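Colleague: I should like to go through this chain with you, one question at a time. Please give your reasoning before each result.

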Amino acid sequence: MAEWFSWSYKNEGMFFLGIIPLVLFVVWISVQKKSLDKTLKISSFKNFAYQSPVVPWRFMLPLLRGVAILFLILALARPQDAKDDSYREIYSEGIDIMLAFDVSTSMLAMDFAPNRLEAARDVAIDFINKRKNDRIGLVIFEGEAFTQCPLTTDKNVLKSQFKLAEPGMMAQGTAIGMGLAVSVNRLRESTAKSKVIVLLTDGVNNQGNIDPVTAADIAKEFGIRVYTIGVGKKGKAKYPVPDIFGNITYQYLPVEIDEKLLQEIADKTGGEYYRATDKTSLQSIYNKIDQLEKSKMNVIEYREDPPERFHVFAIIALALFGLELILKNTLFKSPLW
């Protein structure tokens, strides 16, 4: 009860004026009571020996109604938690994660349904949805690499940027070292105790100015764990191949993934290497990564309005009105009420 007095009232200036007619109502009840309390002279009380026990309580009805109106006015004034600020700083468990994502044309291979790119993106977005308290960013790479989305807790922005990533946004090729280096650069100033890169590719490093092993050494220096994922079934897969006229045809070509390199990157940085041969195995890999150790980070949560408390008063007012109605039609029957 004491904490109610610490609440603020959003509409107090307008609705608290309703107390004025409530006071007038109480004055009117007092006048009516005096007008009923007239003296009647009789010769004997013999025939008036019995008096109903509810008669002295007949003025409970206007009292209930007045209190109910008072609580209704308080409800209309919209009490809110005055202790709640427009924003608050909370501590949540999370880590900083950069997703290094290969978007080279080979990711359009159809050994995953509908292709590697769409399947890998769907699974990654599902992973993002699960990591509610983490800061996550996205680096995409082909023959070059750039940051598609910096570290953020806004998952909607991240997912929208992820959906825009397509082959052909950069020079052709597969620059694993560049993708890893740009991701490391995004994490190097992070203050999180746990920093992770999830690097996904379906090919062999053949472009870029930075050697993947050198990039892995830099990641190790900054305390960044790198989890590498090779995407593609074993054997041959159906790849889109442009002909001399620029038309796309599909051919079955050998799946080539530099697993030795991906394993070395993971080993150097304390991560793990995984091979995904279908969408189900890829989901299982992300589920394993989802079990990573978490560390504390600060998140500022903004609120447009503090919590509403009007329902407390509204319920009390409704209960009192209901009680008055019941008593009015049972114990206290009077032409005045």
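**Questions on the fold and its contacts**

Colleague: Is F162 buried or exposed?

Modeller: The scale is relative accessible area, where buried means under 20%, exposed over 50% and partly exposed in between (1.4 Å probe, protein chains only). F162 has a relative accessibility of 0%, so the residue counts as buried.

Colleague: Which pLDDT do local features need here?

Modeller: Residue numbers start from 1 along each chain as its sequence is written, and side-chain values use heavy atoms, with hydrogens and water left out. This is a predicted model, in which totals for chains, interfaces and linings use all residues, side-chain atom pairs count only at pLDDT 80 or more, and local features need pLDDT of at least 70.

Colleague: How many helices and strands are there in the chain?

Modeller: Both kinds of element are DSSP runs numbered from the N terminus, with at least four residues for a helix (H or I) and at least two for a strand (E). By that rule the chain has ten helices and twelve strands.

Colleague: Which residues does F162 touch?

Modeller: F162 sits in helix α5 (residues 155-164). A contact means heavy atoms within 4.5 Å. With residues up to four places away in sequence not counted, F162 touches L99, F101, R121, A124, I125, I128 and L138.

Colleague: What is the bridge partner of L99 in β5?

Modeller: Two strands pair if DSSP finds at least two bridges between them. For β4 and β5 there are seven bridges, in the parallel sense. Strand β5 (residues 135-141) is mostly covered, with six of its seven residues buried. Within β5, L99 has as its bridge partner L138.

Colleague: How far apart in space are F162 and G137, C-alpha to C-alpha?

Modeller: In sequence, 25 residues separate F162 and G137. In space, their C-alpha to C-alpha distance is 9.6 Å.

Colleague: Where is N115 found, and which residues does N115 touch?

Modeller: N115 belongs to the loop between β4 (96-102) and α4 (116-130). The residue counts as buried because its relative accessibility is 14%. Leaving aside residues up to four places away in sequence, the contacts of N115 are M107, L108, A109 and M110.

Colleague: How far from the backbone nitrogen of L117 does a polar atom of the side chain of N115 lie?

Modeller: A polar contact is a pair of N or O atoms within 3.5 Å; within protein, one must be able to donate a hydrogen and the other to accept it, and residues adjacent in sequence count only if both atoms are side-chain atoms. Between the backbone nitrogen of L117 and a polar atom of the N115 side chain, the distance is 3.1 Å.

Colleague: Which residues form a nonpolar patch on the surface with M110?

Modeller: M110 also lies in the loop between β4 and α4, and at 39% relative accessibility this residue counts as partly exposed. Patches consist of residues with over 30% relative accessible area and no salt bridge, like charges being joined within 9 Å and nonpolar side chains (Val, Leu, Ile, Met, Phe, Trp, Tyr) within 5 Å. The patch has about 300 Å² of accessible area together, and M110 shares it with I248 and Y250.

Colleague: What is the bridge partner of K238 in β10?

Modeller: Strands β9 (residues 236-242) and β10 (residues 248-254) pair over seven bridges in the antiparallel sense. They form a hairpin with five residues between them, and G246 in the turn has a positive phi of about 90°. In β10, K238 is matched with Y252.

Colleague: Which residue forms a salt bridge with K279?

Modeller: A salt bridge places a side-chain nitrogen of Lys or Arg within 4 Å of a carboxyl oxygen of Asp or Glu, and the structure holds twelve of them. For K279, the closest N and O atoms are 3.7 Å apart, and the partner is D122. K279 is in helix α9 (residues 279-289) and its partner in helix α4, so the pair ties together parts 157 residues apart in sequence. With a relative accessible area of 39%, the partly exposed partner is D122.

Colleague: Which residue meets R275 in a salt bridge?

Modeller: R275 lies in strand β11 (residues 273-276) and its partner in helix α8 (residues 259-269), so this pair ties together parts 16 residues apart in sequence. The N to O distance is 3.1 Å, and the partner is E259.

Notes
Accessible areas come from the Shrake-Rupley method with a 1.4 Å probe; for residues, only the protein chains shown count as cover.
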